[in-house]
Amino acid sequence: MNYLTSMGNILTLNTIGLEKGMDIKRLQYYAILNVLILGIIYGCSAALFSQSILMEKGFEATAYNPLKIIVAGIPVAFFMHAGAALFIWVFLKAMGGKANFLMSYFNIGMAAISLWIVAPFAAALQIGAVSPVITLLTGIFSLYAFAVNVKVIKAAFQLSNLKMTIATSVTLMYISCFLYLWV
């Protein structure tokens, strides 16, 4: 399968290609490309939204360098991806999941395409642009991205519906508690 077909399948919640097993080289390239583009989208969004905030606070236009913010978005995306993949791998491996860490990492990287549309809204919320529309759209797109990730993770780890439901529920509770304590 080529990139567009593979990503189209993932975005429509069709994981047949992943369940059958994809060539590891292709899986690596697709995952890295998806996370790289996610980082660029996030970085560009953060640079765009932060420019107006910085100008309001008195920073000069010459002191603002959006390229630094854009480039910073790339490692943020890769670190978040690696952290999520490690957490998910450890937890689902304990529940009897069959994927090794690299397969988990690359499959979750394939699902990162679903986060592309969430990234601008997350950047907007981070700078304080809170409005009902932004919050609603962030929630809707986050739920969609969550559904895509759950489907891809289920295919990668070959878990039953019951085990995946338990894993998803406990993961949501853990992440909610973590975010509550973090904020």
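This report covers the helices, the nonpolar cores and two unusual backbone angles of one protein model.

The model is predicted, so local features need pLDDT of at least 70 and side-chain atom pairs count only at pLDDT 80 or more, while totals for chains, interfaces and linings use all residues. Residues are numbered from 1 along each chain as its sequence is written, and side-chain values use heavy atoms, leaving out hydrogens and water.

**Helix α7**

Helices here are DSSP runs (H or I, at least four residues), numbered from the N terminus. α7 has 26 residues. It reaches 37 Å from its first C-alpha to its last, close to the 38 Å expected at 1.5 Å a residue. That expected span is 1.5 Å times one less than the number of residues. Among the buried residues of α7 are Thr-138, Asn-149, Ile-153 and Phe-157. Buried means under 20% relative accessible area, exposed over 50%, and partly exposed in between, with a 1.4 Å probe and protein chains only.

**α6 against α7**

The axes of α6 (residues 118-126) and α7 come within 9 Å and cross at roughly 140 degrees. Axes are lines fitted to C-alpha atoms, for helices over the stretch in contact, and angles run from 0 to 180 degrees between N-to-C directions. That makes α6 oblique to α7. Angles under 35 degrees count as roughly parallel, over 145 as roughly antiparallel, 65 to 115 as roughly perpendicular and the rest as oblique. Val-118, Phe-121, Ala-124 and Leu-125 in α6 meet residues of α7 including Ile-134, Phe-141 and Ala-145. Contact means heavy atoms within 4.5 Å.

**Nonpolar cores**

A nonpolar core is a set of buried Ala, Val, Leu, Ile, Met, Phe, Trp, Tyr and Cys residues joined through side-chain atoms within 4.5 Å. The largest has 26 residues. Met-7, Ile-10, Leu-92, Met-110, Ile-153 and Phe-157 touch the most other members. α1, α3 (24-56), α4 (66-94), α5 (101-111), α7 and α8 each supply at least two residues of this core. Apart from it lies another core, of five residues, among them Val-35, Leu-38, Ala-77 and Ala-112. Met-7 touches Tyr-30, Asn-34, Met-110 and Ile-113, not counting residues up to four places away in sequence.

**Positive phi in two loops**

Most residues other than glycine have a negative phi. Leu-13 and Gln-158 have positive values.

| Residue | Phi | Loop | Relative accessibility |
|---|---|---|---|
| Leu-13 | near 65 degrees | between α1 (3-11) and α2 (16-20) | 34%, partly exposed |
| Gln-158 | about 55 degrees | between α7 (132-157) and α8 (161-182) | 48%, partly exposed |

Gln-158 comes just after α7.
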